[in-house]
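Biologist: Let us look at this model together, and please set each term against its definition as we go.

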Amino acid sequence: MRTLTITAIALATALSSSAYAEKLALVGGTIHTMGTAGTIENGTVVIEDGKISQVSKQALTLDDSYRIIDTSGKVVTPGFIGAYTSLGLVEVPSWANTVDAYVENSPYHAALDAGSAVTTDTTLRNISRIEGITSAATALGAADSMFLGQGAFITLGNDADPVLKHRAFMSIDVSNSGADKMAGSRASMWQSLNDALAEAEYAKSIELTPQTEWHGTLSKADAKALIPVINGDMPVLFKVHRAADIRQLLRLKQAFKNLDITLVGVAEGWRVAEQIAAADIEVIVNPESNLPYAFEQNGATLENAARLHQAGVKVAIGMDTHNIRLAPQQAGNAVANGLPYQAGLAALTTVPAKIYGIDDTLGRLQPGMQADVVVWSGDPLEVMVAPTNVIINGEEVKLESRQTKLRDRYLTIDEKKPQQYTRP
Amino acid sequence: MKKVNKALLTSVSLLSAAIVAGCGEQATTDKKQAAFVEINKDPFPSTYQPLPTETTLISNVNMYDGVGGMAQGVSVLLDNGKIVAIGDDIDASSVSNIIDGTDKWLTPGIIDVHSHLGVYATPDAGSHADGNEMTKPVTAAVWAEHSIWPQDPGFRRALAGGVTTLQILPGSANLVGGRSVTIKNLPGRVIQDMKFPDAPYGLKMACGENPKRVYGQKGGPMTRMGNVAGYRQAWSDAQDYKRAWEKYQADYEAGKDAKPPKRDLNKETLMGVLDGEILVHMHCYRADDMGTMIDVMKEFDYQIASFQHAVEAYKIADKLAENNICSAMWADWWGFKMEAYDGIRENVPMVEAANACAIVHSDSDIGIQRLNQEAAKALSDGQRAGIDISKAQAWTWLTSNAAKSLGIFEQTGSLQVGKNADVVLWTAEPFSTYAQAEMVFIDGGLAYDRNKPEQWAISDYELGQIGEGDRK
């Protein structure tokens with residue numbers, strides 16, 4: 001069976017389980033495996049039971065049970081990972097009903113769990129995935145503390161429960177905005193952070209019940225939430241920009257050696273690149289951010305990603321929510337400004353997968369990995385290129401969104417009757 | 001769109017100068033009439049000076065001419081600030097500065113019709129938030145140029161992205177936000193040094209969500225219907241003001257000792273629109289808001305030059321074409337507020353396909369640096385939807401259509417003989433992510449050369465700071 005009718009796709013969607021996912025073979029494309037096999041020309045990716053079963057340079061003999069997708073002249077990559085988003089937590093951020101990405105006046109900080117607030121019923125899911133984003137880290141965007149709580153790692157597939165990993169990471173803001181939340185000075189902010197981690201260290205040794213006597217500055221819930229962070233079991237992401245703050249974090253890691261740190265934003269990261277590399281810390285950057293938005297970002301440059309990479313730092317790209325689909329363009333611009341091409345692709349695949357400890361499942365095309373695969377009309381970092389096929393967890397998703405439906409409704413203006421009767 | 005009468009502007013300023021100089025004499029020769037009072041319409045005149053130029057030939061280059069044409073392997077001669085020849089048989093014997101354009105691309109300089117550089121300058125501090133006079137719903141009296149900080153590092157970043165001209169507007173909190181100004185993207189010490197000579201003024205107005213959000217809790221308007229009542233009252237007052245000045249002029253000409261109306265700076269700007277001298281640029285997202293504003297425009301007999309942001313222009317592209325209104329649009333911004341929720345990636349090409357005037361704009365200090373990529377995205381999305389538009393045609397979104405909406409197309413916006421030499425030499429085909437502006441000329445002067453960091457302009461703010469002179 002070479003083609004699948006729309007009805008059949010809809011059926012597969014309704015069943016929504018990888019057990020029913022069809023067997024697929026993507027034949028003939030340029031495959032960026034992002035793994036040890038490197039880039040394969042004219043190769044084949046075979047998908048069964050929601051997983052990649054083979055990635056081959058050789059022509060394969062496949063029986064009729066495989067649906068063949070001809071990818072000749074196209075480029076095949078792992079599904080791109082939204083490195084830092086609020087997907088599933090926000091529909092319209094400004095002045096429009098509940099926005100779960102923003103927390104105000106909450107008694108909880110580190111204990112906040114973004115995963116508990118996530119929904120799949122957001123237009124952002126289809127809008128993002130038809131542009132090649134197949135999974136994402138999702139986190140709260142703002143709170144009234146430097147602690148932004150715990151984020152989740154989600155799929156943009158058809159699953160009713162999108163959370164692949166609950167409590168996947170902790171977010172802490174140590175940039176200007178974090179300091180502003182902590183009495184308006186870094187002097188207060190760093191003291192608070194040190195105390196918080198020390199209290200978590202102490203909390204490891206006791207059982208925190210409602211009756212336990214506790215005189216920490218953190219709430220019991222927040223103290224408990226930070227235990228996996230100081231144990232190194234939960235990655236901790238620090239929003240940070242200026243070089244001095246990055247050095248402060250490096251000192252913090254001397255005291256709390258198990259911290260599994262990633263830096264987010266990190267406009268001045270290039271100035272401390274070698275120390276970041278030496279500490280084996282990854283970064284998530286917006287490589288296009290080259291303006292001094294505040295004094296903490298005076299060193300911002302388009303070459304940030306390239307310089308960090310040059311020093312040996314693993315760079316992820318993509319910090320947006322509504323337009324996380326522009327992460328490939330950002331990576332392309334990082335490449336245009338000195339980042340090696342494969343590092344540009346890694347910034348969207350293997351590096352974010354490693355940050356979230358999910359690199360045994362996502363980010364590479366090799367046997368055993370979850371089948372999140374995108375076929376592109378050409379170089380995915382080129383702005384005029386788009387996906388032709390998007391496969392998430394072994395299922396090909398329809399390249400349709402609320403936006404494509406609006407487009408199709410208005411491609412031709414119906415002069416005889418109101419456009420609301422047009423159902424694309 | 002109504003043509004701005006530049007001859008009128010000039011003669012008016014000359015006249016007012018003459019009046020000031022001669023009023024003492026007139027008082028003695030005419031017993032009944034005081035000197036005729038006329039408003040100086042150009043009290044902050046441009047002092048723009050182009051960079052030094054040399055005769056420059058860009059040879060064997062590919063080009064998009066900005067008006068829909070494409071050519072390969074041509075040469076373009078720049079002399080004395082103008083484009084003086086385009087072709088493949090230009091005599092280069094007397095030209096000392098020859099730039100080999102082989103495998104590179106030449107385009108007109110990009111014109112961003114929507115920028116807040118300088119009025120919302122970086123560093124992004126309250127101290128620099130000079131873009132929105134959020135004190136009352138109609139602030140037509142304010143002029144963006146009085147807020148612009150020429151040292152905003154954003155200007156230099158935009159230059160490195162091939163932007164040679166930009167319109168700086170007030171923000172969108174108000175029904176009528178104030179005057180915009182069109183500037184050349186060449187650093188100046190004072191803003192007058194950057195003003196595009198003879199460019200008409202624009203008037204920033206805003207539909208929908210922003211005015212109601214800002215004023216809903218402080219006296220209104222708090223609804224869209226309140227917004228529209230506000231525009232209509234303002235235009236009605238401006239009509240009244242215009243009639244008062246016309247009566248004064250008629251009375252004066254009839255020999256009466258007429259008293260001039262008291263100047264009202266709000267109404268003066270609005271009267272400039274009614275007189276066809278100032279171009280209206282309206283921030284409107286929703287199709288229905290735009291439809292309403294088209295009726296307001298007809299009621300008060302003025303012309304809207306452009307809808308800015310125009311996220312739903314695709315829903316009414318036919319009406320926009322009929323009414324000769326440009327739409328300035330993003331390629332893919334959407335969803336950040338309810339009136340942006342119906343944004344689609346094919347908006348720009350769908351407007352183009354309806355033969356309406358399509359412009360790609362930024363409204364962003366980051367987006368302005370890569371408007372070529374924004375046009376590229378919109379074009380490719382349109383092509384995938386079956387809309388047949390060429391790259392050469394798509395370049396009109398960045399230059400000629402933008403120039404027309406600002407009333408400066410006679411001077412810039414295309415690679416045509418006689419136009420200002422505002423041109424960009426790209427390292428590669430400029431619809432590619434990897435293409436970068438290699439050389440940017442403004443009026444024939446080399447304003448940016450990617451390969452010569454020692455010649456880059458550095459804003460005063462960045463001098464002595466981390467990253468001074470760094471590649472940005």
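Biologist: How do you know that strand E15 and strand E16 of chain A pair, and in which sense?

Modeller: This is a predicted model, in which local features need pLDDT of at least 70 and side-chain atom pairs count only at pLDDT 80 or more, while totals for chains, interfaces and linings use all residues; side-chain values use heavy atoms, with hydrogens and water left out. Residues are numbered from 1 along each chain as its sequence is written, and chains are lettered from A and ligands numbered from 1 in the order in which they are written. Strands (E, at least two residues) and helices (H or I, at least four) are DSSP runs numbered from the N terminus, and two strands pair if DSSP finds at least two bridges between them. E15(A) and E16(A), residues 395–397, are joined by 3 bridges in the antiparallel sense, so they satisfy the rule of at least two. A:Ile391 stands opposite A:Glu396, and the hairpin that these strands form has 2 residues between them, with A:Asn393 in the turn at a positive phi of about 50°.

Biologist: Which strand is joined to E15(A) by 4 bridges?

Modeller: That is strand E14 of chain A (residues 373–376), which runs antiparallel to E15(A); here A:Val375 has A:Asn389 as its bridge partner.

Biologist: Why is E15(A) called largely enclosed?

Modeller: A residue is buried under 20% relative accessible area, exposed over 50% and partly exposed in between (1.4 Å probe, protein chains only). Of the 6 residues of E15(A), 5 are buried, so the rest of the structure largely encloses this strand.

Biologist: What makes B:Lys262 count as exposed?

Modeller: Its relative accessibility is 74%, and therefore B:Lys262 is exposed; this residue sits in the loop between H4 and H5 of chain B.

Biologist: How do you know that the span of helix H6 of chain B agrees with what 14 residues should give?

Modeller: The expected span is 1.5 Å times one less than the number of residues. For H6(B) this gives 20 Å, and its end C-alpha atoms are 20 Å apart, which agrees. Helix H6(B), residues 287–300, lies across strands E9, E10 and E11 of chain B and runs at about 160° to E11(B); such angles run from 0 to 180 degrees between N-to-C directions, with axes fitted to C-alpha atoms, for helices over the stretch in contact. Among its buried residues are B:Met290, B:Met293 and B:Phe300, and just after the helix B:Asp301 takes a positive phi of about 55°.

Biologist: How many bridges join E10 to E11 in chain B, and which way do these strands run?

Modeller: There are 5 bridges, and the two strands run parallel; in E11(B), B:His309 is the bridge partner of B:Cys284. Both strands belong to an open sheet of 8 strands with mixed pairing, in the order E6-E7-E8-E9-E10-E11-E12-E13 of chain B. E6(B) and E13(B) are its edge strands, since each pairs on one side only.

Biologist: Which residues have the most contacts inside the largest nonpolar core?

Modeller: A nonpolar core is a set of buried Ala, Val, Leu, Ile, Met, Phe, Trp, Tyr and Cys residues joined through side-chain atoms within 4.5 Å. The largest has 114 residues, and those with the most contacts inside it are A:Val174, A:Leu193, A:Phe238, A:Leu263 and A:Tyr356. Helix H4 of chain A gives the largest share, 7 residues.

Biologist: Where is confidence lowest in chain A?

Modeller: Helix H1 of chain A (residues 6–15) has the lowest confidence, at a mean of 41, on the pLDDT scale of the predictor's confidence in each residue, from 0 to 100. The chain itself averages 95.

Notes: Contact = heavy atoms within 4.5 Å.
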